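Trainee: Could you take me slowly through one part of this protein, the sheet and what lies around its strands? I would like each term explained as it comes up.

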Amino acid sequence: MWRTRAAAACVICRSLANSSCGIKRKSLLQNLHLVSRSIHHPYYPSSKFQRPPLRISIQLFSSLNRLPLHKTKLLNVKYGYQFHRNFWLARLASRLLKVRYLILGSAVGGGYTAKKTYDQWKDMMPDLDEYKWIVPDFIWELDELIDLEKFIKALPDADDLAKLLPDFEKIGESFASLKGFLSPGAPGETAFRATDQGYDSDKQFKKGLLGELILLQQQIQQHEEEARRAAGQYNMGSSQQKRKVSDKEKIDQLQEELLRTQLKYQRMLERLEKENKELRKLVLQRDDKGIHQRKLKKSLIDMYSEVLDILSDYDASYNTQDHLPRVVVVGDQSAGKTSVLEMIAQARIFPRGSGEMMTRSPVKVTLSEGPHHVALFKDSSREFDLTKEEDLAALRNEIEIRMRNSVKEGCTVSTETISLSVKGPGLQRMVLVDLPGVISTVTSGMAPDTKETIFSISKAYMQNPNAIILCIQDGSVDAERSIVTDLVSQMDPQGKRTIFVLTKVDLAEKNVTSPNRIQQIIEGKLFPMKALGYFAVVTGKGNSSESIESIKEYEEEFFQNSKLLKTCMLKAHQVTTKNLSLAVSDCFWKMVRESVEQQADAFKATRFNLETEWKNNYPRLRELDRNELFEKAKNEILDEVISLTQVTPKHWEEILEKTLWERVSTHVIENIYLPAAQTTNSGTFNTTVDIKLKQWTDKQLPNKAVEVAWETLQEEFSRFMTEKKGKEHDDIFDKLKQAVKEETIKRHKWNERAEDSLRVIQHNALEDRSISDKQQWDAAIHFMEETLQSRLKDTESVIEDMVGPDWKKRWLHWVGRTKEQNIRNETKNELEKLIKCNEDHAAYLANDEVTTVRKNLEARGVTVDPCLIKDTWHQIYRRFFLKSALNHCNLCRRGFYYYQRHFVDSELECNDIVLFWRIQRMLAITANTLRQQLTNTEVRRLEKNVKEVLEDFAEDNEKKVMLLTGKRVQLAEDLKKVREIQEKLEAFIEALHQEK
């Protein structure tokens with residue numbers, strides 16, 4: 001039956017295939033369902049099991065399972081088509097997949113809802129980070145130092161612990177009674193209007209000691225408001241004067257309760273501060289001794305102070321101004337600025353004077369916390385112990401000396417900043433700048449521009465938009481006499497960064513007739529100047545020998561008994577320097593956090609601009625700043641000095657011998673050889689030569705030799721210093737090398753004993769007359785001929801200048817003789833006739849010979865002066881003598897044999913050859929001796945002097961700035977400073993975020 005069906009199906013298929021011949025499309029057999037084909041066409045070539053395409057217009061799918069939601073219509077095949085089978089396992093799997101995705105979606109949605117609810121609860125929780133200062137830092141590190149598991153095991157049982165605990169019911173009753181006594185009130189004004197927002201959540205933390213302090217503060221504010229309202233009601237109109245006595249008693253009672261609450265609050269604060277101070281000191285001392293064995297990091301305020309120090313030296317040539325915060329202390333002269341700073345620093349560190357200007361330059365004081373109360377300068381390693389009076393006096397003296405040294409001649413104040421760091425337990429971290437006091441009149445002894453200079457210094461610091469201005473006003477003088485308030489109002493008209501401090505309130509309370517005037521000042525109603533906060537302080541009784549502790553006690557005692565505080569004219573948080581320092585520190589750090597990142601971005605942009613400019617102008621050069629360039633030049637100079645030791649001995653001796661002979665040749669010819677040559681015999685010649693050589697050696701020759709050696713060393717040193725090294729030569733070092741060379745030569749002095757040893761050596765060399773061989777004899781002749789020819793050439797040149805050009809030059813160059821030259825030429829011709837007549841003539845003319853020459857010339861119509869005749873004769877005879885000596889040298893070439901026989905029975909005497917041999921040998925020995933002194937002693941001493949000069953230049957910044965100049969140096973300096981500032985700012989910002 002299956003076979004019959006299959007055969008029928010095959011017939012149908014063939015008929016379908018035949019009917020579709022000639023049309024290019026798929027066979028209808030291929031359009032059949034694959035299962036059908038596999039059933040009745042087992043021989044059909046089909047290697048892959050494929051689903052047939054579905055002929056529907058729209059297919060709908062679910063987003064979850066991607067399966068069709070509706071049944072699709074199959075092709076309506078009439079012959080042999082098998083319907084699609086329903087697989088129930090596939091349908092079940094698809095349903096299970098739907099359930100899985102439903103569960104997964106529910107889980108995701110529920111988790112998101114739970115997370116959102118958790119975030120809402122988390123936002124509702126209060127932020128306790130502001131109260132971390134109550135707990136000392138070492139508490140957070142106890143888990144690293146204490147094994148809590150052992151501690152828990154060592155604890156007693158619950159029953160034993162219950163016996164040891166106090167009765168909590170009684171403690172609860174005591175707190176309930178205290179709570180009933182102190183009813184909560186509305187919060188009053190704070191010290192700063194800018195920091196009022198964000199503190200409404202303080203009521204949530206009324207547990208423990210912190211809650212008690214907050215309640216006490218609120219009670220103080222409530223009592224102040226009630227006392228103010230009661231006092232206002234009591235003082236209103238004539239009808240209120242008839243009030244009962246009970247109202248007045250109620251007011252007094254409220255004021256007494258207010259004072260008791262304030263005192264209690266103050267005592268609690270002092271107790272907490274004292275405990276915290278002791279704990280911090282203990283922890284810092286342990287860290288200082290290395291008990292925890294961990295590396296101490298640089299404090300946050302020290303990092304910030306370093307940035308300010310670098311900025312003070314940075315030349316802002318790219319409009320990157322220093323806008324980092326610092327506390328600028330300004331005030332009138334003798335208003336108490338220095339005293340306020342000393343109270344904040346808790347030490348009498350500044351020089352003092354009665355009415356005299358003591359602050360002559362800005363003083364930057366960096367306050368930080370430390371285990372010991374010490375002070376040190378930025379450029380010094382000495383620590384001043386502020387607990388010892390000797391160190392305090394030395395510190396005040398050092399500050400005064402630095403101020404006076406910074407003031408230039410003809411000035412009274414200076415813009416140079418003195419940087420001082422003060423560390424101690426309990427100090428508030430901040431950076432303060434004490435400026436010279438503002439004056440209204442220039443007194444005698446001051447520079448005429450002192451007032452304007454102080455104003456410009458104050459404005460330069462106050463114009464920083466992030467600087468906190470601490471305006472100090474003297475309360476003991478009339479407010480109308482204040483100058484600084486107008487200046488501060490100009491720089492900060494809105495008062496967003498100004499803190500006003502009224503000093504000498506004790507004197508103001510005694511002298512001012514109306515106490516309301518002080519209240520108006522503190523409330524900011526008397527001055528047009530606006531401020532962020534107002535404070536009243538007392539800085540002592542005016543005695544410079546008072547200690548900080550005694551001033552604190554006096555200040556607390558005064559405000560406890562002051563009517564200003566009892567009558568609520570002053571608030572408790574507006575008095576004492578302790579509250580002032582806390583407020584200033586909080587404002588300072590708030591300003592730092594708000595502005596430091598903006599400054600870091602500004603310097604980052606400046607750094608990019610500088611690096612781009614360097615790449616465009618100096619693409620192949622390293623970015624070397626002035627100090628790095630100096631070190632590079634220093635190494636080059638030292639290498640060049642070392643090169644002096646590598647000069648060969650032959651080179652030194654040749655230079656020394658040649659230079660020495662050029663220096664002494666004139667003396668030898670004119671004063672020794674020519675006078676000796678005029679003698680009649682050899683004995684007289686040798687005697688004359690020996691005498692003159694001895695005199696010359698004792699007086700002049702050693703000194704001349706040392707001078708020649710020193711000049712030769714200078715020339716070689718200069719040659720090495722100025723010689724260009726090809727492409728590696730850097731012109732930027734030329735000025736520095738020239739300055740080093742000049743300073744070294746100025747400092748170098750030749751060894752004084754060198755002349756004495758040299759004199760003995762030269763004397764022994766000149767006494768020797770024994771020429772050992774013919775070679776030395778010929779060398780002496782050659783030396784003598786060169787010397788005489790050089791002198792003859794000079795003499796010919798002198799004669800030519802005297803008589804004018806000869807007939808060849810006159811015809812070739814069309815030049816003529818002057819009248820004097822014609823006279824000298826006639827005189828020369830007459831004198832030459834005289835020498836030809838007597839070749840053995842003496843070196844000098846006799847008077848009768850001069851008269852004869854003059855008369856002969858007059859006979860030819862030439863009038864001649866006798867001095868002109870003698871002068872001309874000197875040159876004529878000199879030329880004749882030098883020519884004769886050269887001829888004699890030629891004859892003496894064969895005279896070495898006669899010399900060995902001491903010229904016995906010989907008409908040829910060559911004593912002049914022996915003289916030049918002695919001179920030549922002396923020159924060689926002297927050059928050798930000087931070379932040994934140079935290489936063994938003087939070059940090393942010169943190298944030492946060069947090192948000393950370089951070290952002095954390295955310490956003198958002004959010298960380096962003057963010698964290493966140019967756009968390249970300045971650009972590298974700016975780039976180095978900006979990079980350093982940016983890196984330190986980024987490190988500070990990172991540490992600041994970690995502290996948060």
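Mentor: What follows is a walk through the sheet, then a helix residue, then a cavity.

This is a predicted model, in which local features need pLDDT of at least 70 and side-chain atom pairs count only at pLDDT 80 or more, while totals for chains, interfaces and linings use all residues. Residues are numbered from 1 along each chain as its sequence is written, and side-chain values use heavy atoms, with hydrogens and water left out.

The sheet is open and has 9 strands with mixed pairing, in the order β4-β3-β5-β2-β6-β1-β7-β8-β9. Its edges are held by β4 (384-385) and β9 (533-536), and because each has a single partner strand, one side of each is left without a neighbour in the sheet. Strands here are DSSP runs of E with at least two residues, helices are runs of H or I with at least four residues, and both are numbered from the N terminus; two strands pair if DSSP finds at least two bridges between them.

Let us look closely at β5, which spans residues 418-424 and has 6 of its 7 residues buried, where buried means under 20% relative accessible area, with exposed being over 50% and partly exposed in between (1.4 Å probe, protein chains only). Strand β2 (residues 363-369) pairs with β5 in the parallel sense over 7 bridges, and strand β3 (residues 374-377) is joined to β5 by 4 bridges in an antiparallel arrangement. The residue V422 in β5 ties these pairings together, since L367 stands opposite V422 and A375 also stands opposite V422.

Towards the β9 edge, strand β8 (residues 498-503) runs parallel to β9 with 4 bridges between them, and V501 has F535 in β9 as its bridge partner.

Next comes S305, which lies in helix α11 (residues 300-313) and counts as buried because its relative accessibility is 7%. Leaving aside neighbours within four places in sequence, S305 is in contact (heavy atoms within 4.5 Å) with K364 and T366. The side chains of S305 and T366 make a polar contact at 2.7 Å; such a contact is a pair of N or O atoms within 3.5 Å, and within protein one must be able to donate a hydrogen and the other to accept it, while residues adjacent in sequence count only if both atoms are side-chain atoms.
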